[in-house]
Amino acid sequence: MFNPLDELNQRVISCQKCPRLREYCRYVAQTKRRAYRDQEYWGKPVPGFGDTAARLVIIGLAPGAHGSNRTGRMFRGDASGDFLFAALFRAGFANQPSSIHRQDGLMLKDLYITSVCRCVPPNNKPLTDEMKNCRHFLLSEIEMLSNIKGFVALGRVAFENLLDIYLPRGETRKNYK
């Protein structure tokens, strides 16, 4: 069955719009952290993932250097993911309490996870233009996920980017800026 999110994710993975970020992803994937020296790193833009019928969307800032940039999935393989997936499992959104690689069997229920920026940024600080370059991916996901009832923005930058999408549409009740 055709899934438009699969096609979008292929466009995410092949994106080359931000040379600084692409170079940094490759650099991290080549130099590696000592603990992961024996592992192959993803080293490419990281697509969103989860239940295509999700009512809830979690939005983070960007992939982690030695988590998502290594595993190819948002929040996988780092301390933030350890905390997040355990909480999602307890709340009934995940079928298991941890996720360490793409093929570990994690399935999300009624939840989709994505980010503002798709490449790991140096010092975890993407430039404004880099976030704008990725915005169409986030907008496309939001449009394709037709059952969304709410968002959880992890951090100020994710929250402000989400507001920047919805404020011009008049779809928020308060101006939080």
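**Sheet, cores and a buried serine**

Val-57 stands opposite Tyr-112 in β3. I begin with that pair, and I should state at once that the model before you is predicted.

Strand β2, residues 56-60, runs parallel to strand β3, residues 111-115, and five bridges join the two. They belong to an open sheet of four strands, ordered β1-β3-β2-β4, in which the pairing is mixed. At the edges stand β1 (49-50) and β4 (150-153); each has a single partner strand, so one side of each is left without a neighbour in the sheet. Helix α5, residues 128-144, lies across β2, β3 and β4, and runs at about 165° to β3.

I turn now to the packing. Val-57 and Tyr-112 appear again in the largest nonpolar core, which has 28 residues; they are among those with the most contacts inside it, together with Ile-59, Phe-137, Ile-142 and Leu-145. At least two residues of this core come from each of α1 (4-14), α2 (19-31), β2, α5 and α6 (156-166). The largest share, five residues, is that of α5. Leu-145 touches both Val-57 and Tyr-112, as well as Leu-5, Asp-51 and Thr-52, when residues up to four places away in sequence are not counted. Apart from this core lies another, of 15 residues, including Ile-13, Ile-58, Ala-94 and Leu-108.

Finally, Ser-68. This residue is placed in helix α3, residues 68-71. Is Ser-68 buried or exposed? Its relative accessibility is 1%, and because the cut-off for buried is under 20%, Ser-68 counts as buried. The side chain of Ser-68 reaches the backbone oxygen of Arg-73 at 3.0 Å. Beyond four places in sequence, the residues that Ser-68 touches include Trp-42, Val-46, Pro-63 and Phe-75.

Methods. Residues are numbered from 1 along each chain as its sequence is written. This is a predicted model: local features need pLDDT of at least 70, side-chain atom pairs count only at pLDDT 80 or more; totals for chains, interfaces and linings use all residues. Side-chain values use heavy atoms; hydrogens and water are left out. Buried means under 20% relative accessible area, exposed over 50%, partly exposed in between (1.4 Å probe, protein chains only). A polar contact is a pair of N or O atoms within 3.5 Å; within protein, one must be able to donate a hydrogen and the other to accept it, and residues adjacent in sequence count only if both atoms are side-chain atoms. Contact means heavy atoms within 4.5 Å. Two strands pair if DSSP finds at least two bridges between them. Axes are lines fitted to C-alpha atoms, for helices over the stretch in contact, and angles run from 0 to 180 degrees between N-to-C directions. A nonpolar core is a set of buried Ala, Val, Leu, Ile, Met, Phe, Trp, Tyr and Cys residues joined through side-chain atoms within 4.5 Å.
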